[in-house]
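Reader: I would like a close look at one part of this model, the sheet and what packs on it. Please take me through it step by step.

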Amino acid sequence: MAVVQRIIKRYPDGKQKSAIIPVLHLAQMEFDGWLDAPVMDYVASILNIQPIEVYEVASFYSMFNLKPVGKCLIEVCRTGPCWLLGAEDIVHHIEKKLNIKDGETTADGMFTLKTVECLAACGTAPVIQVGETYHENMSCEKVDEMLNDYRAKGERKTHWDKKHVKSL
């Protein structure tokens, strides 16, 4: 809560809603990488706003997860340049390799596959983001290496982790 209060104090009185995105990131980090309704309601109460205002933001941005995700959230860019350069084939490859579809998590809870809008790396398409790491110029062979590496490490890889809290 001390970190949340520091974030809120960055904004003028009455404008605490402006803190919604960093507070949602913190909440998602604290609650296993996803935001359920009670967590979003709690964020709304902290920011003194209506729960629907939190739901709107959390459901709009692909960086927020509204259902449980695996330890490694694999986000494949699905916009034009990536799709033209093979992202669709990569998605199908991942689905087959992990026996899941877009939006699903592997039975062991290790991987979740999610297609997302532009990851802003069009020049190095197709692009996959896992946590904070961009994997660029991907191919099915590179995907296999990436999956093996993440499986071997077995670590949670999401957008934010505890190291961010220190800098807030």
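Author: In this predicted model, four strands form an open sheet in the order β2-β1-β3-β4, and their pairing is mixed. At the edges are β2, residues 111-116, and β4, residues 133-135, each of which pairs on one side only. From one strand to the next, the twist averages 25°.

Take the β4 edge in detail. Its partner there is β3, residues 128-130, and the two strands run antiparallel, joined over three bridges. Within this pairing, Ile128 stands opposite His135 of β4.

Two helices belong in the picture as well. Helix α6, residues 87-98, packs on the sheet and touches β1 (72-77), β2 and β3. The direction of α6 makes about 150° with that of β1. Helix α7, residues 140-153, lies across β1, β2, β3 and β4. Relative to β3, helix α7 runs at about 0°.

For contrast, here is a part that is built from other elements. The largest pocket has a volume of about 220 Å³, and 13 residues line it. Those that lie nearest its centre are Met1, Val4, Leu26, Ala27 and Glu30. The elements giving two or more residues to this lining are the helices α1 (2-8), α2 (20-30) and α3 (37-47). Of the lining of the largest pocket, α2 gives the most, with five residues. By type, the lining residues comprise twelve nonpolar and one charged, with no polar residue.

Key: Residues are numbered from 1 along each chain as its sequence is written. This is a predicted model: local features need pLDDT of at least 70, side-chain atom pairs count only at pLDDT 80 or more; totals for chains, interfaces and linings use all residues. Side-chain values use heavy atoms; hydrogens and water are left out. Two strands pair if DSSP finds at least two bridges between them. Axes are lines fitted to C-alpha atoms, for helices over the stretch in contact, and angles run from 0 to 180 degrees between N-to-C directions. Contact means heavy atoms within 4.5 Å. On a 1 Å grid over the protein atoms alone, a cavity is a set of points where a 1.4 Å probe fits but cannot get out, and a pocket is an open set with protein on both sides within 12 Å along at least five of seven lines; lining residues have an atom within 4 Å of a point. Grid points are joined across faces, edges and corners, and a volume is the space filled by probe spheres set on the points. Ala, Val, Leu, Ile, Met, Phe, Trp, Tyr, Cys and Pro count as nonpolar, Asp, Glu, Lys and Arg as charged, and the others, Gly among them, as polar.
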